[in-house]
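User: Please take a close look at one part of this model for me, the largest nonpolar core. Tell me what surrounds that part, too.

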Amino acid sequence: MSQPAAALPATAALARPPESLWSLVFKGLRRSRSTVIGGLIVLSVVFVAVFAAVLSPHDPQAINVIDRLQGPNGTYPFGTDNLGRDTLSRVIYGARISLIVGTMVVVCAVSAGIALGLAAGYADRLDRVIMRVMDGLMAFPSILLAIALMAALGARLSNVIIALAIVYTPRVARVVRSVTLVLRELDYVQAAQALGAPTSRILIRHVLPNALAPVIVQATFIFAESVLAEASLSFLGVGLPPYIPSWGTIITVGRMFMQTAPWITIFPGLAILITVLGLNLLGDGLRDLSDPRLRGRLD
Amino acid sequence: MTAYIARRLIALLPVLLIVATVGFFLIYLTPGDPAAVMLGPDATDEELHNLRELMGLDRPLLVQLYLWYARMLRGDLGYSIFLNRPVLQAIHERLEPTALLTLLSLAVAVAIGVPAGIVAAVRRNTWLDQASMGIALFGVSVPNFWLGLNLILLFSVYLGLFPVAGYVPLDQSAAGALRSLVLPAVTLGVSASALVARMTRSSMLEVLGQDFIRTARAKGNKERRVIYRHALRNAMIPTITVIGLALGGLMAGAVVTETVFALPGVGRLVISSVLRRDYPVVQGVLMFIAAIYVLVNLLIDVIYVYLDPRVKYA
């Protein structure tokens, strides 16, 4: 991203990046309704996940055979499954799993991607090797690579996170590398080099902050895709083991009772749809904000 | 042009090398001895020994890697002891539903996405634009498998219009094959159509703002002609790239969709192979689809240069 202020005199630019991310976000939120809606949806899902224990009316794992396969009613607003477990409580706890997976995948993919992207963009000797490997990983369609990795690693929560982090790291690395390639030629970075600042300081203090906006946009989309991918993997039986109430595993069970008890499938699916929709709205809004061509229109 | 294609083919080699390397090391991510994991706890020492020998696991790592590259170059994807046949043959036997599903869903994606993108761009900032983009957002956010389950419930169970699951091979009945693929193709095509619609819209907007469009209007052309002959032709170029990228995603998405609709395709083969730890098949399909994906992207780049003389390929 080429921010206009980056061409300011070196001393001014060295002090801090031109416009802080937060002021951008704040400005954008005042102007873009869909970004606000997206943000509110994401916050609500976070709220539900954090307070799952308080919000859920029943124990998500409690088996109650007498009440099995009940349609939505006063006691069970989302109905019950084949073992009489409350679908609402399971969907509420499912939010936790989705957010844990999404957060951990984003944390891992973003940290690995930043490290690799900075190295590739700043050290010419590493560039070829790193980017060839990233290109190789991106040559696989993402869900297929995730399935293959899960086949080798085995169906566990930590492995889903590892597999998806491997799948999404190249995207972050690419973004960070391309920003680094531009920034390293700018005067203020060259000035820092001339002053004898160590490489680590240049990368962390001067390059990374300016690469953050596009990375955050990517991270939002990676979060959305991770939620979808985890649900798909779990639905296919290669993601989370069935005893963990995730939106994907609930649907796997619900599928067997689709004709007699469609509510088991419909509600967790809606939960996925709403969460991913919120993340995509937020991501689209943040992307428009960080695009200098569109920013003029917002101001 | 020939030189360009040749250069692009050479540039593909390192990517294919990395792809093959990732495929090779996949099996080493397995905790423990892959042969023991594949055969389960009841395997005898002799069976284990034989399988290790068959898969080459008893050789030094570098020798295995070398032999793997050699096999990939020959197009030999290995042998499945569970299916008792070469992996390539197993893929070939199940290719028909997957290939048809991928192409049909691509057709769905283009048939929905391109008109929606054009309308959204031409009627920019009207309710038509907002509705198209809203639906596109829904398309990228909905879990595919869940959409498929709902379509089955609505169109097959309640309305009885399509079979609930299963596949009729093409040589038995073309109409039957089509009928069994309509819902899966719609399921899979919807999310790709959203990407196509967004790309068509943004490239149409970009083209519509250019000088030659103003000239075309100033010449007194009808608006229809300006949009379809002058704008659309130029706007389709980036859209074609997205369609090419979508093709790879659709092939992989077929894995999930085939499971929902119980289609006996390559996707079902992968999932059942994962569940019974048939590593050669998982590796083989991964290599197969990645190779197609890479080649399709090359093809798209070539078409791109062919369509847009402004793109320099020197």
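Analyst: The largest nonpolar core in this predicted model has 174 residues. Three residues have the most contacts inside this core: A:Ala146, A:Ile147 and A:Met150. Which helix gives the most to the core? That is H10(A), with 19 residues.

Now pick one of those three residues, A:Met150. Leave aside its neighbours within four places in sequence. What is A:Met150 then in contact with? On chain A, the list holds A:Ala155, A:Asn159, A:Val160 and A:Ala163, and also A:Leu233, A:Val238 and A:Gly239. The list also has a residue of chain B, B:Val274.

That last contact leads to the interface. Here, 36 residues of chain A are in contact with 37 residues of chain B. Five helices of chain A each give two or more residues to the side that touches chain B. They are H6 (124–138), H7 (142–153), H10 (199–236), H11 (247–256) and H12 (263–290). H7(A) gives the most to this side, with nine residues. What classes of residue does this side of chain A have? There are 26 nonpolar, seven polar and three charged residues.

Next, chain B as a whole. Chain B has 13 helices and two strands. Its C-alpha atoms fill a box of roughly 85 × 60 × 35 Å along the principal axes. Of the 314 residues in chain B, 39% are buried. Now take the contacts in chain B between residues at least 6 apart in sequence. Of these, 72% join residues at least 24 apart.

Finally, turn to two backbone angles. Most residues other than glycine have a negative phi. A:Leu69 is not a glycine, yet its phi is positive, at about 50°. A:Leu69 lies in the loop between helix H4 (52–55) and helix H5 (87–122) of chain A. Is A:Leu69 buried or partly exposed? A:Leu69 counts as partly exposed, because it has 15 C-beta neighbours inside 10 Å.

B:Asn84 is another residue other than glycine with a positive phi, near 60°. B:Asn84 sits in the loop between strand E1 (79–80) and strand E2 (85–86) of chain B. B:Asn84 has 8 C-beta neighbours inside 10 Å, so it counts as exposed. The cut-off for exposed is 12 or fewer.

Terms used. Residues are numbered from 1 along each chain as its sequence is written. Chains are lettered from A and ligands numbered from 1 in the order in which they are written. This is a predicted model: local features need pLDDT of at least 70, side-chain atom pairs count only at pLDDT 80 or more; totals for chains, interfaces and linings use all residues. Helices (H or I, at least four residues) and strands (E, at least two) are DSSP runs, numbered from the N terminus. A residue is buried if 20 or more other C-beta atoms lie within 10 Å of its own, exposed if 12 or fewer, and partly exposed in between; C-beta atoms are placed from the backbone. Two residues are in contact if their C-beta atoms, placed from the backbone, lie within 7 Å. Ala, Val, Leu, Ile, Met, Phe, Trp, Tyr, Cys and Pro count as nonpolar, Asp, Glu, Lys and Arg as charged, and the others, Gly among them, as polar. A nonpolar core is a set of buried Ala, Val, Leu, Ile, Met, Phe, Trp, Tyr and Cys residues joined through C-beta atoms within 7 Å.
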